[in-house]
Amino acid sequence: MFRVVIAFLCAVLSGALVGSIVQTQFNLAALAELSVPITIDVRISTIIHDIIHFSPTLAAMLGVVLLVALPVAGFVAHFIQGIERLWFTFAGFIGLLLCFAIVNELAPMPTFIAATRSWSGWLLMAATGGLAGWLFHRVWRPTVRDLKDPVV
């Protein structure tokens, strides 16, 4: 049980950290398209600001998503064996993808997270959920149980 909790916390924290950095880069790219000068100092301070202020929100969303997605992945992996780690990666990706769709639909503003306005931003932000699912499984089960599992 301890390993599951540690794996879950690592997955949520790292997914939120990477997701925060991804959304920062999308926001800065949008500003750059408007000819706003963005120095390396501004880029670094914005990343730090978003890690402090945005990543807790993303971590909460990702935590809820993973609480649902990871048991589903475990259930599916039990019956469809051979690619267990891939199921956890896929569950994190699809879970966050759906979460953004639902939150953006319910949010009073056009989108809750600006990076999810475009397909590329939406998919890259959801990929951080895939990273979280992969990392959860990697920490929870560091060695692959099935020799047929190509994802290490």
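The protein has five helices and zero strands, and this description rests on a predicted model. Followed along the sequence, the helices give the pattern α-α-α-α-α. Along the principal axes, the C-alpha atoms occupy a box of roughly 50 × 30 × 25 Å.

Buried residues account for 38% of the 152 residues in the protein. Among the contacts with a separation of 6 or more, 75% join residues that are 24 or more positions apart. The accessible surface amounts to about 8700 Å², and carbon and sulfur atoms hold 75% of that area. As for charge, the protein carries 8 positive and 7 negative side chains, with the centres of the two sets 11 Å apart.

One part of the surface can be described by residue. M1, V5, L9 and L13 together form a nonpolar patch there, with about 450 Å² of accessible area between them. Of these residues, V5 belongs to helix α1, which spans residues 2–33. V5 has a relative accessibility of 39% and therefore counts as partly exposed, because the partly exposed class lies between the 20% limit for buried and the 50% limit for exposed.

Beyond helix α1, the loop that leads to α2 (40–53) contains S35. The phi angle of S35 is near 70°, a positive value in a residue other than glycine. For comparison, most residues other than glycine have a negative phi. With a relative accessible area of 63%, S35 is exposed, since the exposed class begins over 50%.

A second serine, S45, is found in helix α2. At 42% relative accessibility, S45 counts as partly exposed. S45 can also be placed relative to E33, for the two residues are twelve positions apart in sequence, while their C-alpha atoms are 19 Å apart in space.

The accessibility values given for single residues are collected here.

| Residue | Relative accessibility | Class |
|---|---|---|
| V5 | 39% | partly exposed |
| S35 | 63% | exposed |
| S45 | 42% | partly exposed |

Taken by location, V5 lies in helix α1, S35 in the loop between α1 and α2, and S45 in helix α2.

How values were computed: Residues numbered from 1 in each chain as written. Predicted model: local features only at pLDDT ≥ 70, side-chain atom pairs only at ≥ 80, totals over all residues. Heavy atoms only, no water. Patch = residues over 30% accessible without salt bridge, like charges linked within 9 Å, V, L, I, M, F, W, Y side chains within 5 Å. Areas by Shrake-Rupley, 256 points an atom, 1.4 Å probe, with all protein chains shown as cover. Salt bridge = Lys/Arg side-chain N within 4 Å of Asp/Glu carboxyl O. Helix = DSSP H or I, 4+ residues; strand = E, 2+ residues; numbered from the N terminus. Buried < 20%, exposed > 50% of the residue type's maximum accessible area, 1.4 Å probe, protein only. Contact = heavy atoms within 4.5 Å. Lys, Arg positive; Asp, Glu negative; His and termini not counted. Charge placed at Lys NZ, Arg CZ, Asp CG, Glu CD.
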